[in-house]
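Colleague: I am new to this structure and would like a close look at a single part of it. Could you take one helix, say where it sits and what surrounds it, and then lead me outward to the rest of the chain?

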Amino acid sequence: MLQLIIIIAVAAFFIFVAIVKRYKRCPSDKVLVVYGRTSGTSAHCIHGGGAFIWPVIQDYAYLSLTPISIEANLTNALSRQNIRVDVPCRFTVGISTEEDSMNNAAERLLGQTADQIQELARDILFGQLRLVIATMSIEEINADRDKFLENVSKNVEAELKKIGLRLINVNVTDIKDESGYIEALGKEAAAKAINEAKVSVAEQEKIGEIGKAEAVRDTRIRTAEANAVAVKGENAAQIEVANSNADRRAKEAEAARLAVSAEKVQQARALQEAYAAEQEAEKARAERERATQTANIIVPQEVEKNRRIIEAQAEAEKVRVNAKGEADAIFAKMEAEAKGLFEVLTKQAQGYDKMVQAAGGDATKAYQLLLIEKLPELVRTQVDAIKGIKIDKVTVWDNGGQGDGKGSTANFLSGLFRSIPPLNDLFNQAGMNLPEYLKGKDQPAEDAEEVK
């Protein structure tokens, strides 16, 4: 049993040691690349820290972050002015620690030696350096080194990132051209500097002569100013004595004036206090008179005014109550009349509805029935139209000149009866036909003989 425990303990120890050995730490100057089965990516890069490397399915390697110095002496590069120049440069590059760049480095540089990486980077640097020089003039390349280096860094950085490198430093030495253009620019600059130095010397000599003359002038001016200050001091002393005497006399006069003023002020203050006492006495008397008048006149008038206000309010309340009662009575009467009219109209509408139902739902027939019901009243209206005429009181002037053989009297009566609406026309307008026996048509011959 003890042996079994020892065997298990030893096995567990060796397993623990194996696990510990599979945990790999990444130094600060390297990038740990874990490849194999790595969550769908080709490799997993770690800078700092560490990772556990699964046996069989994973393995690891390191990429060095040590900077690489690359000498790129570019010759016969064509500038924007079509002048060929030699640009000796030295670039310092290294593997980038950005996540995307580390993955690119793991895919393209893992397993490469430092010389191979240097050669690959040199090809990229030469190409981008030629591209930048082709976009710049000789003056820009030679004079504005910051712009040149900025353009080089911007173009080179983008291309190096594709293989996982980053640009650390660019150092450009003297630039030369085959035509001697840059040397001519240097001679021009030197001549310009010599001329500027000669001008500066002459300018300094002029400043010296001017300074000497100004010093003599300042001496004379300062001597005159000192003399003027001395005279001014003497005059000021005499003025000071005169001012002192004047101040003394003024103060004596002011003291005399203040004494007289103080005496006058005291007298005026005494009179003021006396007048103030009299004023207070008059105010007290006026207050007493005012109180007396208020008690005798104003108070009774205010009592009377309040009484009248109360009576007016009572009268207004009475009128308001009466008006409200009358308004309520009128409203009740109008409400009763409205209810009665509503009942009449309601019953009348119900009667019309039953009449339409009796006519089989035909509103026209119901209307004819209603008109027949009103027929006696219509006939009565026609008869009343002429029954009041006193025929015996009518005088008709007849000149006998009518061509139809009728006299004026006959025409008058005929026109009178025609002015009354015929009963048949009334029925036609209502959409009904008057019975034949009421139309006044001629009877058949047999009926006529019987009538005879």
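Modeller: Serine 101 is a good place to start, and its place is in helix H2, which covers residues 99-108. Please keep in mind throughout that this is a predicted model. Serine 101 has a relative accessible area of 1%, and it therefore counts as buried, since the limit for that word is under 20%. When its neighbours within four places in sequence are left aside, serine 101 is in contact with Ser96, Lys161 and Gly164. Serine 101 is joined in being buried by other residues of H2, namely Met102, Asn104, Ala105 and Ala106.

What do these buried residues of H2 pack against? Their partners are four strands and a helix: strand E2 (30-38), strand E3 (41-46), strand E5 (58-64), strand E7 (84-95) and helix H5 (145-161). Three of these strands belong together, because E3, E2 and E5 form an open sheet in the order E3-E2-E5, with antiparallel pairing, where pairing requires at least two bridges between two strands. The edge strands of this sheet are E3 and E5, each of which pairs on one side only. From one strand to the next, the twist averages 30°. Between E2 and E5 the antiparallel pairing runs over seven bridges, and one residue pair to look for is valine 34 with its bridge partner in E5, tyrosine 60. H2 packs on this sheet, where it touches E2, E3 and E5, and the direction of H2 makes about 120° with that of E3.

From there we can turn to the nonpolar interior. The largest nonpolar core has 42 residues, and the members that touch the most other members are Phe91, Ile133, Phe148 and Leu160. The element that gives the most to this core is helix H3 (residues 114-134), which contributes seven residues. A second core, separate from this one, has six residues, including Cys26, Val34, Ile46 and Ile53. Valine 34 is thus a residue to which we return, having met it as the bridge partner of tyrosine 60. As for leucine 160, and not counting residues up to four places away in sequence, this residue touches Val93, Ala121, Ile124, Leu125, Leu165, Arg166 and Leu167.

It may help to set this part against the whole. The protein chain has 11 helices and nine strands, and of its 452 residues, 17% count as buried. Among contacts between residues at least 6 apart in sequence, 63% join residues at least 24 apart. The chain exposes about 33600 Å², of which carbon and sulfur atoms supply 57%.

Charged side chains complete the picture, and a search of the whole structure finds 18 salt bridges. One of them joins the side chains of aspartate 29 and lysine 30, with 3.9 Å from N to O. Aspartate 29 is partly exposed at a relative accessible area of 36%, and lysine 30 likewise counts as partly exposed, with 28% relative accessibility.

Two further salt bridges can be found along helix H6. In the first that I would point to, the side chains of glutamate 254 and arginine 257 meet at 2.1 Å, N to O. Both residues lie in helix H6 (residues 181-358), three residues apart, which is about one turn of the helix. An α-helix has 3.6 residues a turn, so residues three or four places apart point the same way. Glutamate 254 counts as partly exposed at 33% relative accessibility, and arginine 257 counts as partly exposed at 42%.

The other salt bridge brings together the side chains of glutamate 335 and lysine 339, at 3.9 Å from N to O. These two also lie in helix H6, where they are four residues apart, again about one turn of the helix. Glutamate 335 is partly exposed, with a relative accessible area of 35%, whereas lysine 339, with a value of 53%, is exposed. Finally, salt bridges that share partners join Glu304, Arg307, Arg308 and Glu311 into one network.

Definitions and conventions. Residues numbered from 1 in each chain as written. Predicted model: local features only at pLDDT ≥ 70, side-chain atom pairs only at ≥ 80, totals over all residues. Heavy atoms only, no water. Buried < 20%, exposed > 50% of the residue type's maximum accessible area, 1.4 Å probe, protein only. Contact = heavy atoms within 4.5 Å. Core = buried A, V, L, I, M, F, W, Y, C linked by side-chain atoms within 4.5 Å. Axes fitted to C-alpha atoms, helices over the stretch in contact; angles between N-to-C directions. Areas by Shrake-Rupley, 256 points an atom, 1.4 Å probe, with all protein chains shown as cover. Salt bridge = Lys/Arg side-chain N within 4 Å of Asp/Glu carboxyl O.
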